[in-house]
Amino acid sequence: MRIFLIWPAKGSGSEVGELMNEIEKHGHKIAYWVGRPEAAEYAPAGAIFHSYIDAADAKPAKNINPNAFPPPSKNLIRDFRDTESIALTMMNNLYFYDRLCTDERRRIYYLMLRYWLGTLKKYQPDAVIFPNTPHLVYSYILYKAARYLGIKTVVFYDSRIPGRLIRLDDFKQGCVPLQKELKAMSGQKVSLADLPDDIG
């Protein structure tokens, strides 16, 4: 499985390197990694590294020419109108966008949409993996672009229990297996003794 790993998580670069080694040990190939610049040395062989700072600033990864990708067409812009509205609103809370006028924000949005759709089509990942809900403009656009192209998305949600994450394929839908389990247990009496030892 070819993977785009969007993992700019805090922590030592070696931890991210270990994560990527484990992913590749299980037969997957990390084709593209968005991460922290100080951890770039841990990128797997052959993987494209993209600093999350550059991604947030609508700058491409090294050796990728965004001008090689077609600009968004009228139909594509229409298909992404909801994404555009949310992305422009997300820019209200980011210091590097908050002083820009709407037209300049829209220009940046179109640059990102062009870049991420072009990159996904060029490198054709089987899945795009996020460590949490896409909450930066670039990661939200990438998430929506992947879903538009029918590429699997995996988003992790912090359960607040150390060592346990909740996996979401669609963060708006939530964790379907957990929802089914909660529904099945509705009305049952549950006590602390029912919890696993590492939680209780």
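The following legends describe three close-up views of a predicted model.

**View 1. Surroundings of Arg36 in the loop between strands E2 and E3.** Arg36 lies in the loop that connects strand E2 (29-35) with strand E3 (48-51). The residue is buried but forms no salt bridge. Glu38 provides the nearest side chain of opposite charge, 4.0 Å away. A polar contact of 3.4 Å links the side chain of Arg36 to that of Tyr52. Apart from neighbours within four places in sequence, the residues in contact with Arg36 are Pro8, Ala9, Lys10, Phe49 and Tyr52.

**View 2. Strand E2 and its pairing with E1 and E3.** Strand E1 (residues 2-6) runs parallel to E2, and five bridges join the two. E2 also pairs with E3 in the parallel sense, over four bridges. Val34 of E2 is the bridge partner of Ile6, and Val34 also stands opposite His50 in E3. Strand E2 is mostly covered, with six of its seven residues buried. In a regular strand, side chains alternate between the two faces of the sheet.

**View 3. Helix H6 (residues 137-148) and the glycine that follows.** The end C-alpha atoms of H6 are 16 Å apart, in agreement with the 16 Å span expected for its 12 residues at 1.5 Å a residue. Because nine of these 12 residues are buried, H6 is largely enclosed by the rest of the structure. The buried residues are Val137, Tyr138, Ser139, Tyr140, Ile141, Leu142, Tyr143, Ala145 and Ala146. After H6 comes Gly150, which has a positive phi, near 80°.

Key
Residues are numbered from 1 along each chain as its sequence is written. This is a predicted model: local features need pLDDT of at least 70, side-chain atom pairs count only at pLDDT 80 or more; totals for chains, interfaces and linings use all residues. Side-chain values use heavy atoms; hydrogens and water are left out. Buried means under 20% relative accessible area, exposed over 50%, partly exposed in between (1.4 Å probe, protein chains only). Lys and Arg count as positive and Asp and Glu as negative; His and the chain ends are not counted. A polar contact is a pair of N or O atoms within 3.5 Å; within protein, one must be able to donate a hydrogen and the other to accept it, and residues adjacent in sequence count only if both atoms are side-chain atoms. Contact means heavy atoms within 4.5 Å. The expected span of a helix is 1.5 Å times one less than its number of residues. Two strands pair if DSSP finds at least two bridges between them.
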